[in-house]
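Here's a friendly walk through a protein model for someone meeting it for the first time. Take a look at the sequence and the 3D view before reading on.

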Amino acid sequence: MSRQTTDIPLPDLSGKRAVVTGASDGIGLGIATRLAAAGAEVVLPVRNPAKGERAAAAIRGRAPGAQVSLRTLDLSSLGSVAALGRDLLAEGRPIHVLVNNAGVMTPPDRQVTADGFELQFGTNHLGHFALVGHLLPLLRAGQARVTSQISVSANRNAINWDDLNWEGSYKGMSSYSQSKIALGLFGLELDRRSRAEGWGITSNLSHPGVAPTSLLAARPEVGRAKDTLGVRLIRFLSARGVVVGTVESAKLPALYAAASPAARGGAFYGPSGPGNMGGAPAEQKLYSRLTSTEEARRVWEVSEQLTGVRCAA
């Protein structure tokens, strides 16, 4: 049995502005709610306005007096990412916390973004890469903490350098792993470059463990008509407190990484329970796929080429 921790202390975040992607439900909503409860002004970039309004209302209900607002963002469209960047730059408000949490997982058939990239690689990694690039002046102004949410799947498979968009032979889980490895390598390279260039940004990684979120549930928009066997099993185990986490516990590593004064740039945080699938958050050893600085530089350079966004001061 696994006893789940459902909260951690956070500092007073009054006067801080936080941006959380993928916060209209699940883990992202939990992260945004807790940041708002700690006093942060939370910006929710969402694709579905109605769903976003429900999320904002839920946050205000759980954290009375919360400062929360919506913006439009579709991470699978570089045009949408650029538009959000322009809007936030026009507002001119420094960003102190950015949580790159949104994601899509294992469409049964290969799909592409608005820009022609394989959906998981384009959304989970390239969309977030472009977002950081567009927001870099605001992140620097806020001496921001950037936390990128990866996955236990980043500990297997590899980046398919010969076919990043999986045009030859699509494998859903391998592509998902690639997107999370790439995001993780980018997050670590962001911290290295910030230290080298004096940007003042700290960047780290988190993973939620295994929990019954919507990633593997029925999602008609990605061609999944019903819940997967995997998510049904995870729900069964989670409800009984066996090994895996809950949606409530799964938010804690990203919260710790993004807001705890003890969290470090360049570090990796996840659940500390058996198999790192559930439990209280703690610093963890980097996955082997994330240790190569050469691969991280390559991810950065290729991402700049593919998105046309230069992550530089």
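What follows covers the sheet, two of its strand pairs, one helix and the empty spaces.

## The sheet

Before anything else, keep in mind that this is a predicted model. A good place to start is its open sheet, where 8 strands line up in the order E3-E2-E1-E4-E5-E6-E7-E8, with mixed pairing. At the edges sit strand E3 (67–72) and strand E8 (281–283), each of which pairs on one side only. Going from one strand to the next, the twist averages 20°.

In general, strands of a sheet pair through backbone hydrogen bonds, and they can do that parallel or antiparallel.

## Strands E1 and E2

Strand E1 (residues 17–20) and E2 run parallel, joined by 3 bridges. To spot one of the matches, find Val 19, whose bridge partner in E2 is Val 43.

Is strand E2 enclosed or not? With 6 of the 6 residues of E2 (residues 41–46) buried, this strand is largely enclosed by the rest of the structure. In a regular strand, side chains alternate between the two faces of the sheet. You can follow that along E2: Glu 41, Val 43 and Pro 45 point one way, while Val 42, Leu 44 and Val 46 point the other way, and all of them are buried.

## Strands E5 and E6

Now hop over to strand E5 (residues 145–149) and strand E6 (residues 202–206), another parallel pair, this one held by 5 bridges. Here Arg 145 has Thr 202 of E6 as its bridge partner. Since 4 of the 5 residues of E6 are buried, E6 is largely enclosed by the rest of the structure.

## Helix H1

Next up is helix H1 (residues 26–37). At 1.5 Å a residue, its 12 residues should span 16 Å, and the end C-alpha atoms are 17 Å apart, which agrees.

How much of H1 is buried? The count is 10 of the 12 residues, so H1 is largely enclosed by the rest of the structure. The buried residues are Ile 27, Gly 28, Leu 29, Gly 30, Ile 31, Ala 32, Thr 33, Arg 34, Leu 35 and Ala 36. After the helix comes Gly 39, with a positive phi near 110°.

## The cavity

Rolling a probe the size of a water molecule over the atoms shows where empty space is left. In this structure there is 1 cavity of 30 Å³ or more, and the largest cavity has a volume of about 50 Å³.

What lines the largest cavity? Its walls are Phe 121, His 125, Ile 159, Trp 161, Leu 164, Ala 182, Val 299, Val 302 and Ser 303. Sorted by class, that makes 7 nonpolar and 2 polar residues, with no charged ones. Helix H4 (119–141) and helix H9 (293–307) each supply at least two residues of this lining, and H9 gives the largest share, with 3 residues.

## The second largest pocket

Finally, the second largest pocket offers about 180 Å³ of space. It is lined by 13 residues, and the closest to its centre are Leu 13, Lys 16, Val 97, Ala 258 and Ala 259. The lining of this pocket divides into 6 nonpolar, 4 polar and 3 charged residues.

Methods. Residues are numbered from 1 along each chain as its sequence is written. This is a predicted model: local features need pLDDT of at least 70, side-chain atom pairs count only at pLDDT 80 or more; totals for chains, interfaces and linings use all residues. Side-chain values use heavy atoms; hydrogens and water are left out. The expected span of a helix is 1.5 Å times one less than its number of residues. Buried means under 20% relative accessible area, exposed over 50%, partly exposed in between (1.4 Å probe, protein chains only). On a 1 Å grid over the protein atoms alone, a cavity is a set of points where a 1.4 Å probe fits but cannot get out, and a pocket is an open set with protein on both sides within 12 Å along at least five of seven lines; lining residues have an atom within 4 Å of a point. Grid points are joined across faces, edges and corners, and a volume is the space filled by probe spheres set on the points. Ala, Val, Leu, Ile, Met, Phe, Trp, Tyr, Cys and Pro count as nonpolar, Asp, Glu, Lys and Arg as charged, and the others, Gly among them, as polar. Two strands pair if DSSP finds at least two bridges between them. Axes are lines fitted to C-alpha atoms, for helices over the stretch in contact, and angles run from 0 to 180 degrees between N-to-C directions.
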